[in-house]
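Grab a pencil and open your viewer. Below are a few exercises, each with a worked solution to check yourself against.

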Amino acid sequence: MSFRFIHCSDIHLLDLTGVRPWRFFNKRLTGGVNLALKRRRMHSDALFDQIIEHARARKADRLIVTGDLTNLALEAEFELVKRRLGEAGVAVTVIPGNHDAYTKGSVRSRRFETYLSGFMEGERASGADYPFVQRFPGVGLVGLSTAVATLPLFATGTLGDAQLGRLAKILDALKREGRARIVLIHHPVMPGVSKARHDLLDLAGFGAVIERHGAELILHGHEHKHIEGVLPGPEGPALVHGVGSGTCLSLKPGREGAFTYFEVAPGTIEKQHYVWRGASFERAE
Ligand SMILES: [Fe+2]
(Lines give C-alpha, C1' and ligand atoms only; values in the text may rest on other atoms or scores of the structure.)
Protein backbone atom coordinates (compact mmCIF):
# COMPACT_ATOMS: atom_id res chain seq x y z
CA MET A 1 0.00 0.00 0.00
CA SER A 2 1.37 3.40 -0.90
CA PHE A 3 1.14 6.78 0.77
CA ARG A 4 -0.85 9.08 -1.53
CA PHE A 5 -0.55 12.83 -1.25
CA ILE A 6 -0.69 16.14 -3.06
CA HIS A 7 2.23 18.55 -2.86
CA CYS A 8 1.63 22.26 -3.38
CA SER A 9 3.43 25.37 -2.20
CA ASP A 10 3.54 29.16 -1.99
CA ILE A 11 -0.23 29.68 -1.85
CA HIS A 12 0.20 33.19 -0.35
CA LEU A 13 -3.37 33.51 0.91
CA LEU A 14 -4.11 37.16 1.63
CA ASP A 15 -6.44 38.72 4.16
CA LEU A 16 -5.80 42.26 5.31
CA THR A 17 -9.17 42.78 6.94
CA GLY A 18 -8.93 43.82 10.56
CA VAL A 19 -5.27 44.75 10.23
CA ARG A 20 -4.78 47.89 12.31
CA PRO A 21 -3.21 50.90 10.57
CA TRP A 22 -0.39 51.12 13.14
CA ARG A 23 1.00 47.91 11.73
CA PHE A 24 1.86 49.81 8.57
CA PHE A 25 3.95 52.41 10.39
CA ASN A 26 6.54 49.70 10.04
CA LYS A 27 8.07 50.77 6.73
CA ARG A 28 8.77 47.22 5.70
CA LEU A 29 5.16 46.23 6.16
CA THR A 30 3.96 49.20 4.14
CA GLY A 31 6.11 48.09 1.22
CA GLY A 32 5.08 44.51 1.83
CA VAL A 33 1.39 45.36 1.72
CA ASN A 34 1.89 47.11 -1.62
CA LEU A 35 3.73 44.10 -2.99
CA ALA A 36 1.11 41.72 -1.66
CA LEU A 37 -1.71 43.73 -3.22
CA LYS A 38 0.15 43.78 -6.53
CA ARG A 39 0.72 40.05 -6.25
CA ARG A 40 -3.03 39.60 -5.92
CA ARG A 41 -3.32 40.24 -9.63
CA MET A 42 -1.20 37.17 -10.34
CA HIS A 43 -2.64 34.86 -7.66
CA SER A 44 -6.10 33.62 -6.83
CA ASP A 45 -7.23 31.74 -3.74
CA ALA A 46 -9.77 29.98 -6.00
CA LEU A 47 -6.93 27.84 -7.36
CA PHE A 48 -6.22 26.55 -3.88
CA ASP A 49 -9.89 25.56 -3.60
CA GLN A 50 -9.44 23.47 -6.74
CA ILE A 51 -6.34 21.78 -5.29
CA ILE A 52 -8.27 20.90 -2.13
CA GLU A 53 -11.11 19.58 -4.27
CA HIS A 54 -8.66 17.42 -6.21
CA ALA A 55 -7.19 16.02 -2.97
CA ARG A 56 -10.68 15.18 -1.71
CA ALA A 57 -11.78 13.62 -5.00
CA ARG A 58 -8.72 11.37 -5.06
CA LYS A 59 -9.11 10.58 -1.38
CA ALA A 60 -5.47 11.56 -0.84
CA ASP A 61 -3.98 10.63 2.52
CA ARG A 62 -2.59 14.13 2.86
CA LEU A 63 -2.18 17.58 1.38
CA ILE A 64 1.35 18.94 1.89
CA VAL A 65 2.11 22.67 1.62
CA THR A 66 5.82 23.53 1.59
CA GLY A 67 5.72 27.08 2.93
CA ASP A 68 4.75 30.66 2.08
CA LEU A 69 1.14 30.17 3.05
CA THR A 70 0.94 33.90 3.89
CA ASN A 71 2.47 37.10 2.50
CA LEU A 72 3.38 39.20 5.54
CA ALA A 73 3.03 36.75 8.45
CA LEU A 74 0.23 38.85 9.96
CA GLU A 75 -2.25 37.38 12.45
CA ALA A 76 -5.16 37.96 10.05
CA GLU A 77 -3.40 35.94 7.37
CA PHE A 78 -2.64 33.05 9.74
CA GLU A 79 -6.28 33.08 10.91
CA LEU A 80 -7.35 32.71 7.29
CA VAL A 81 -4.82 29.94 6.57
CA LYS A 82 -5.78 28.03 9.72
CA ARG A 83 -9.46 28.24 8.83
CA ARG A 84 -8.95 27.21 5.19
CA LEU A 85 -6.75 24.24 6.10
CA GLY A 86 -9.06 23.20 8.91
CA GLU A 87 -12.03 23.16 6.52
CA ALA A 88 -10.15 21.34 3.75
CA GLY A 89 -11.69 17.96 4.48
CA VAL A 90 -8.31 16.29 3.99
CA ALA A 91 -5.41 15.89 6.44
CA VAL A 92 -2.80 18.64 5.95
CA THR A 93 0.92 18.96 6.70
CA VAL A 94 2.66 22.35 6.47
CA ILE A 95 6.11 23.83 6.93
CA PRO A 96 6.95 27.56 6.99
CA GLY A 97 8.50 29.67 4.21
CA ASN A 98 10.27 33.01 4.31
CA HIS A 99 6.99 34.95 3.94
CA ASP A 100 5.66 33.18 7.03
CA ALA A 101 8.54 34.77 8.96
CA TYR A 102 8.25 38.18 7.31
CA THR A 103 9.00 40.23 10.43
CA LYS A 104 11.20 39.69 13.45
CA GLY A 105 8.10 40.00 15.66
CA SER A 106 6.38 37.12 13.88
CA VAL A 107 9.44 34.91 14.43
CA ARG A 108 9.90 35.95 18.07
CA SER A 109 6.29 35.15 18.88
CA ARG A 110 6.44 31.83 16.97
CA ARG A 111 3.36 32.98 15.11
CA PHE A 112 3.48 30.27 12.43
CA GLU A 113 3.89 27.51 15.01
CA THR A 114 1.25 28.99 17.30
CA TYR A 115 -1.43 29.14 14.64
CA LEU A 116 -0.56 26.06 12.59
CA SER A 117 0.76 23.52 15.13
CA GLY A 118 -2.25 21.31 14.35
CA PHE A 119 -0.77 20.72 10.89
CA MET A 120 2.73 19.93 12.17
CA GLU A 121 1.97 17.23 14.70
CA GLY A 122 4.64 14.57 15.06
CA GLU A 123 7.79 13.66 16.90
CA ARG A 124 10.47 16.27 17.53
CA ALA A 125 13.43 16.78 19.84
CA SER A 126 12.45 18.47 23.08
CA GLY A 127 12.73 22.24 22.87
CA ALA A 128 12.94 22.22 19.05
CA ASP A 129 10.09 22.84 16.61
CA TYR A 130 12.01 21.37 13.64
CA PRO A 131 12.52 18.89 12.19
CA PHE A 132 9.23 17.18 13.04
CA VAL A 133 8.57 13.64 11.85
CA GLN A 134 5.26 12.17 10.80
CA ARG A 135 5.24 8.39 10.34
CA PHE A 136 2.89 6.61 7.98
CA PRO A 137 2.96 2.98 6.79
CA GLY A 138 6.19 2.66 4.78
CA VAL A 139 6.84 6.41 4.76
CA GLY A 140 8.26 9.13 7.00
CA LEU A 141 7.62 12.84 6.41
CA VAL A 142 10.33 15.13 7.77
CA GLY A 143 9.36 18.80 8.12
CA LEU A 144 12.15 21.40 8.15
CA SER A 145 12.18 25.16 8.64
CA THR A 146 14.37 27.53 6.66
CA ALA A 147 12.23 30.47 7.74
CA VAL A 148 14.17 33.35 9.27
CA ALA A 149 13.36 37.05 9.28
CA THR A 150 15.63 38.70 6.71
CA LEU A 151 16.48 42.23 5.67
CA PRO A 152 14.13 43.90 3.16
CA LEU A 153 14.53 42.53 -0.39
CA PHE A 154 16.19 39.38 0.93
CA ALA A 155 14.36 36.05 0.79
CA THR A 156 17.15 33.82 1.98
CA GLY A 157 16.71 30.83 4.26
CA THR A 158 18.79 29.09 6.92
CA LEU A 159 18.50 25.65 8.53
CA GLY A 160 21.31 26.02 11.06
CA ASP A 161 23.77 23.38 12.26
CA ALA A 162 21.57 22.21 15.13
CA GLN A 163 18.61 21.46 12.84
CA LEU A 164 20.93 19.76 10.31
CA GLY A 165 22.35 17.58 13.09
CA ARG A 166 18.87 16.48 14.16
CA LEU A 167 17.93 15.85 10.50
CA ALA A 168 20.87 13.45 10.08
CA LYS A 169 19.73 11.35 13.05
CA ILE A 170 16.10 11.28 11.88
CA LEU A 171 17.10 10.15 8.35
CA ASP A 172 19.11 7.29 9.87
CA ALA A 173 16.23 6.26 12.14
CA LEU A 174 13.68 6.23 9.30
CA LYS A 175 16.11 4.26 7.15
CA ARG A 176 16.45 1.62 9.89
CA GLU A 177 12.67 1.41 10.06
CA GLY A 178 12.55 0.70 6.31
CA ARG A 179 10.53 3.81 5.47
CA ALA A 180 10.76 5.96 2.34
CA ARG A 181 12.04 9.32 3.59
CA ILE A 182 10.27 12.42 2.27
CA VAL A 183 11.94 15.68 3.29
CA LEU A 184 9.90 18.91 3.21
CA ILE A 185 11.84 22.17 2.87
CA HIS A 186 10.75 25.56 1.54
CA HIS A 187 13.92 26.68 -0.28
CA PRO A 188 15.41 24.93 -3.34
CA VAL A 189 18.24 22.57 -2.46
CA MET A 190 20.15 22.24 -5.72
CA PRO A 191 23.01 24.65 -6.45
CA GLY A 192 22.26 27.38 -9.00
CA VAL A 193 18.47 27.12 -8.80
CA SER A 194 17.67 30.11 -6.58
CA LYS A 195 18.13 33.71 -7.57
CA ALA A 196 20.68 35.76 -5.64
CA ARG A 197 19.38 36.92 -2.23
CA HIS A 198 16.75 34.19 -2.53
CA ASP A 199 18.84 31.17 -1.66
CA LEU A 200 19.33 28.70 1.15
CA LEU A 201 22.44 29.95 2.92
CA ASP A 202 23.47 26.51 4.21
CA LEU A 203 22.69 24.66 0.99
CA ALA A 204 26.08 22.92 1.12
CA GLY A 205 25.42 21.72 4.66
CA PHE A 206 22.04 20.30 3.65
CA GLY A 207 23.60 18.60 0.59
CA ALA A 208 26.27 17.04 2.83
CA VAL A 209 23.63 15.56 5.17
CA ILE A 210 21.71 14.05 2.24
CA GLU A 211 24.92 12.74 0.66
CA ARG A 212 25.84 10.97 3.87
CA HIS A 213 22.46 9.89 5.30
CA GLY A 214 20.21 9.76 2.22
CA ALA A 215 16.58 10.54 1.46
CA GLU A 216 14.20 9.20 -1.17
CA LEU A 217 12.35 12.41 -2.05
CA ILE A 218 12.89 16.10 -1.28
CA LEU A 219 9.95 18.47 -1.85
CA HIS A 220 10.28 22.25 -2.02
CA GLY A 221 8.74 25.47 -3.33
CA HIS A 222 9.85 29.14 -3.07
CA GLU A 223 10.80 29.99 -6.67
CA HIS A 224 7.25 29.65 -8.06
CA LYS A 225 8.70 27.43 -10.72
CA HIS A 226 8.66 23.74 -11.63
CA ILE A 227 12.06 22.19 -10.85
CA GLU A 228 13.16 18.55 -11.11
CA GLY A 229 16.55 17.13 -10.17
CA VAL A 230 18.54 14.97 -7.81
CA LEU A 231 21.01 15.27 -4.96
CA PRO A 232 23.62 12.57 -4.45
CA GLY A 233 22.93 10.09 -1.67
CA PRO A 234 24.88 7.17 -0.17
CA GLU A 235 22.94 4.49 -2.07
CA GLY A 236 21.76 6.48 -5.07
CA PRO A 237 20.31 9.88 -5.81
CA ALA A 238 17.59 11.56 -3.78
CA LEU A 239 14.86 12.89 -6.08
CA VAL A 240 14.23 16.63 -5.77
CA HIS A 241 10.86 18.07 -6.79
CA GLY A 242 10.15 21.81 -6.72
CA VAL A 243 6.57 22.81 -7.43
CA GLY A 244 5.28 26.17 -8.73
CA SER A 245 2.94 28.36 -6.71
CA GLY A 246 -0.40 26.67 -6.02
CA THR A 247 -2.35 29.88 -6.64
CA CYS A 248 -0.44 31.50 -9.53
CA LEU A 249 -2.58 32.49 -12.54
CA SER A 250 0.40 32.55 -14.94
CA LEU A 251 0.17 30.41 -18.07
CA LYS A 252 3.90 30.75 -18.83
CA PRO A 253 5.49 27.31 -19.24
CA GLY A 254 7.23 26.24 -16.02
CA ARG A 255 5.72 29.16 -14.12
CA GLU A 256 2.07 28.11 -14.12
CA GLY A 257 0.08 27.49 -10.99
CA ALA A 258 0.74 23.86 -10.16
CA PHE A 259 0.45 20.93 -7.81
CA THR A 260 1.70 17.34 -7.92
CA TYR A 261 0.02 14.11 -6.92
CA PHE A 262 2.36 11.43 -5.50
CA GLU A 263 2.12 7.77 -4.58
CA VAL A 264 5.12 6.69 -2.50
CA ALA A 265 6.05 3.33 -1.01
CA PRO A 266 9.46 1.91 -0.07
CA GLY A 267 11.22 1.46 -3.42
CA THR A 268 8.67 3.31 -5.60
CA ILE A 269 7.79 6.93 -6.26
CA GLU A 270 5.10 7.77 -8.80
CA LYS A 271 3.92 11.26 -9.60
CA GLN A 272 1.48 13.18 -11.74
CA HIS A 273 2.13 16.87 -12.28
CA TYR A 274 -0.80 19.24 -12.85
CA VAL A 275 -0.60 22.81 -14.17
CA TRP A 276 -3.05 25.70 -14.39
CA ARG A 277 -4.59 26.09 -17.86
CA GLY A 278 -6.73 29.16 -17.29
CA ALA A 279 -9.91 27.54 -16.00
CA SER A 280 -8.72 24.40 -14.29
CA PHE A 281 -5.64 22.33 -13.52
CA GLU A 282 -4.75 19.78 -16.15
CA ARG A 283 -2.31 16.91 -16.07
CA ALA A 284 1.00 17.92 -17.67
CA GLU A 285 3.06 14.76 -17.19
FE1 LIG B 1 9.46 31.69 -0.46
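The exercises go through the metal site, the sheets and the pockets of this predicted model.

**Exercise 1. The iron site**

Find the protein donors of the iron ion, and work out why their arrangement is irregular.

*Solution.*
- Step 1: Start with the donors. They are D68 through OD, N98 through OD1, H186 through NE2 and H222 through ND1, and they lie 2.1 to 2.2 Å from the iron ion.
- Step 2: Check the angles. The four donor atoms subtend 88 to 169° around the iron ion, so the arrangement comes out as irregular. For a tetrahedral call, all angles would have to lie between 85 and 135 degrees.
- Step 3: Write out the spacing in sequence, which reads D-x29-N-x87-H-x35-H.
- Step 4: Place D68 and H222 on the chain. D68 is in the loop between strand 2 (62-66) and helix 3 (75-86), while H222 is in the loop between strand 7 and strand 8. The pair is 154 residues apart and links distant parts of the chain.

**Exercise 2. The sheet with strands 4 to 9**

Trace the strand order of the open sheet that holds strand 4 and strand 8, then look at how strand 9 pairs on each side.

*Solution.*
- Step 1: Walk across the sheet. Its six strands come in the order 4-5-6-7-9-8, with mixed pairing. The edges are strand 4 (132-136) and strand 8 (227-231), each of which pairs on one side only. On average, neighbouring strands are turned by 20° against each other, direction ignored.
- Step 2: Take the side of strand 9 (238-242) that faces strand 7 (217-220). These two run parallel, over four bridges. To get the register, pick L219: H241 in strand 9 is its bridge partner.
- Step 3: Now take the side towards strand 8. Here the pairing is antiparallel, over five bridges, and I227 has G242 of strand 9 as its bridge partner.
- Step 4: Look at the connection. Strand 8 and strand 9 make a hairpin with six residues between them, and G236 in the turn has a positive phi of about 130°.

**Exercise 3. The sheet with strands 1 and 10**

Do the same for the open sheet that contains strand 1 and strand 10. Which strands are at the edges?

*Solution.*
- Step 1: The order is 3-2-1-10-11-12, six strands with mixed pairing.
- Step 2: Strand 3 (92-95) and strand 12 (281-283) are the edge strands, each pairing on one side only. The twist averages 25° from one strand to the next.
- Step 3: Zoom in on the strand 12 edge. Strand 11 (268-276) runs antiparallel to strand 12, and three bridges join them. V275 stands opposite E282 in strand 12.

**Exercise 4. The two pockets**

Describe the largest and the second largest pocket by volume and lining.

*Solution.*
- Step 1: The largest pocket has a volume of about 830 Å³. Its lining counts 34 residues, with L35, R39, H99, A155 and H198 nearest the centre.
- Step 2: Sort that lining by class and you get 14 nonpolar, 12 polar and eight charged residues.
- Step 3: The second largest pocket holds about 350 Å³. It is lined by 20 residues, and E113, D129, Y130, S145 and A147 lie nearest its centre. This lining splits into nine nonpolar, five polar and six charged residues.
- Step 4: Ask which helices contribute. Helix 4 (104-108), helix 5 (111-116) and helix 6 (161-176) each supply at least two lining residues of the second largest pocket, and helix 5 gives the most, with three.

Key:
Residues are numbered from 1 along each chain as its sequence is written. This is a predicted model: local features need pLDDT of at least 70, side-chain atom pairs count only at pLDDT 80 or more; totals for chains, interfaces and linings use all residues. Side-chain values use heavy atoms; hydrogens and water are left out. Two strands pair if DSSP finds at least two bridges between them. Axes are lines fitted to C-alpha atoms, for helices over the stretch in contact, and angles run from 0 to 180 degrees between N-to-C directions. On a 1 Å grid over the protein atoms alone, a cavity is a set of points where a 1.4 Å probe fits but cannot get out, and a pocket is an open set with protein on both sides within 12 Å along at least five of seven lines; lining residues have an atom within 4 Å of a point. Grid points are joined across faces, edges and corners, and a volume is the space filled by probe spheres set on the points. Ala, Val, Leu, Ile, Met, Phe, Trp, Tyr, Cys and Pro count as nonpolar, Asp, Glu, Lys and Arg as charged, and the others, Gly among them, as polar. Donors are N, O and S atoms within 2.8 Å of the metal (3.2 Å for Na, K and Ca); water is not among the atoms, so sites may look incomplete. Four donors count as tetrahedral if all angles lie between 85 and 135 degrees; four count as square planar and six as octahedral if opposite donors are over 155 degrees apart and all others between 65 and 115; anything else is irregular.
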